[in-house]
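Got a model open and wondering what backs up the labels people put on it? Let's take a look together.

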Amino acid sequence: MNLRFTKMQGAGNDFCVIDATQHALTLSPAQLQRLGDRRFGVGCDQILVIESSRAPGVDFRYRIFNGSSGAEVEHCGNGARCFVRYVNEKGLSAKRSITVETVNKRLELHLRDDGRVSVDMGAPIFELARVPFNAEGLSPRLQGGFELWPLADLGVEVAVLSMGNPHAVMLVDDVDQSPVAQLGPQVETHARFPRKVNVGFLQIVSRSAVRLRVFERDAGETLACGTGACAAVVAGMRLGLLDAAVEVQTRGGDLKIEWAGAGASSAALDAPVIMTGPAQTVFEGEISL
Ligand SMILES: N[C@@H](CCC[C@H](N)C(=O)O)C(=O)O
């Protein structure tokens, strides 16, 4: 089959976007991997499929597949910004704000007048079983009232949370010196994370700025990870290190993360995380799969 795609990027995290609003489309893991393959296919971190939705109040279904494995995942923040840019540029909706549903949550996406995109990423999830993270037999170290969990065999401590997809965040002194390529895959596949995990390396620069590298589950290190930025900043806020609005510097660009739960009582922990950043179309093409 011949498949039309649009290559997009948000802070360097790149995507193949496929419009499946007019016809049902099922791609096999091998076809998805071909799209994701940088040597023999198109090349991208994730494949985003746009489907129509019949759910009340929902404009589109937003499906996400990791490009290297073809596995469907729950959430992709940088992809969400590209999603609403695509829908607008292709005239699939004239609305500046749309609501989409992923496999496990609803998101609100807004095109801003300054050219950037804001996404209501929903509330972070801290229940370990829902991340999922198996903490049996472990004792966390508390910092600012939040837990840092030891992964003793790797000699690191991680904050654990979900943005709809699983994240482990570790504090580092300097992201440039961090052993991301070595430690990333070891934490990603650690037995304590039964569905694997995205791994963030977080350097605190000030109370309103951080540097971040993320080793993504099934994708390796990417230039930026939107859910990773949200998870890392929320972890930093709960550890008492960050204020409520934070600039995240990644290798592919800057993202702004805001969360009303920072420094607040537990009543505000279910406040949504708001992410703002760029989204751009790179080129369009067709591939034979
Ligand atoms: N690039 C993403 C996250 C994509 C999914 C992730 N690799 C996972 O497996 O959960 C983002 O911008 O959030």
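Here are a few questions about the labels, with the reasoning behind each answer.

Q: What makes Cys76 count as buried or exposed?
A: This is a predicted model, and the call rests on a neighbour count. Cys76 has 31 C-beta neighbours inside 10 Å, and the cut-off for buried is 20 or more, so Cys76 counts as buried.

Q: How do you know whether Cys225 is buried or exposed?
A: Run the count again: Cys225 has 34 C-beta neighbours inside 10 Å. Buried needs 20 or more, therefore Cys225 counts as buried.

Q: Why are Cys76 and Cys225 called "active site"?
A: That label comes from UniProt, where an unreviewed entry lists both residues. The annotation may be inferred rather than shown by experiment. In the model they are spread over 150 residues of sequence yet cluster in space, with a largest C-alpha distance of 7.7 Å.

Q: Where do Cys76 and Cys225 sit, and what does each one touch?
A: Cys76 is in the loop between β5 (72-73) and α2. Beyond four places in sequence, Cys76 touches Gln46, Ile64, Gly226 and Thr227. Cys225 lies in the loop between β15 (220-222) and α4 (226-238), and its contacts, again leaving aside neighbours within four places, include Asn13, Asn198 and Glu216.

Q: What is in the contact between domain 1 (2-116 + 279-288) and domain 2 (128-271)?
A: The contact takes 19 residues from domain 1 and 18 residues from domain 2. On the domain 1 side, helix α2 (residues 77-89) gives the largest share, 3 residues.

Conventions. Residues numbered from 1 in each chain as written. Predicted model: local features only at pLDDT ≥ 70, side-chain atom pairs only at ≥ 80, totals over all residues. Contact = placed C-beta atoms within 7 Å. Helix = DSSP H or I, 4+ residues; strand = E, 2+ residues; numbered from the N terminus. Buried ≥ 20, exposed ≤ 12 C-beta atoms within 10 Å, placed from the backbone.
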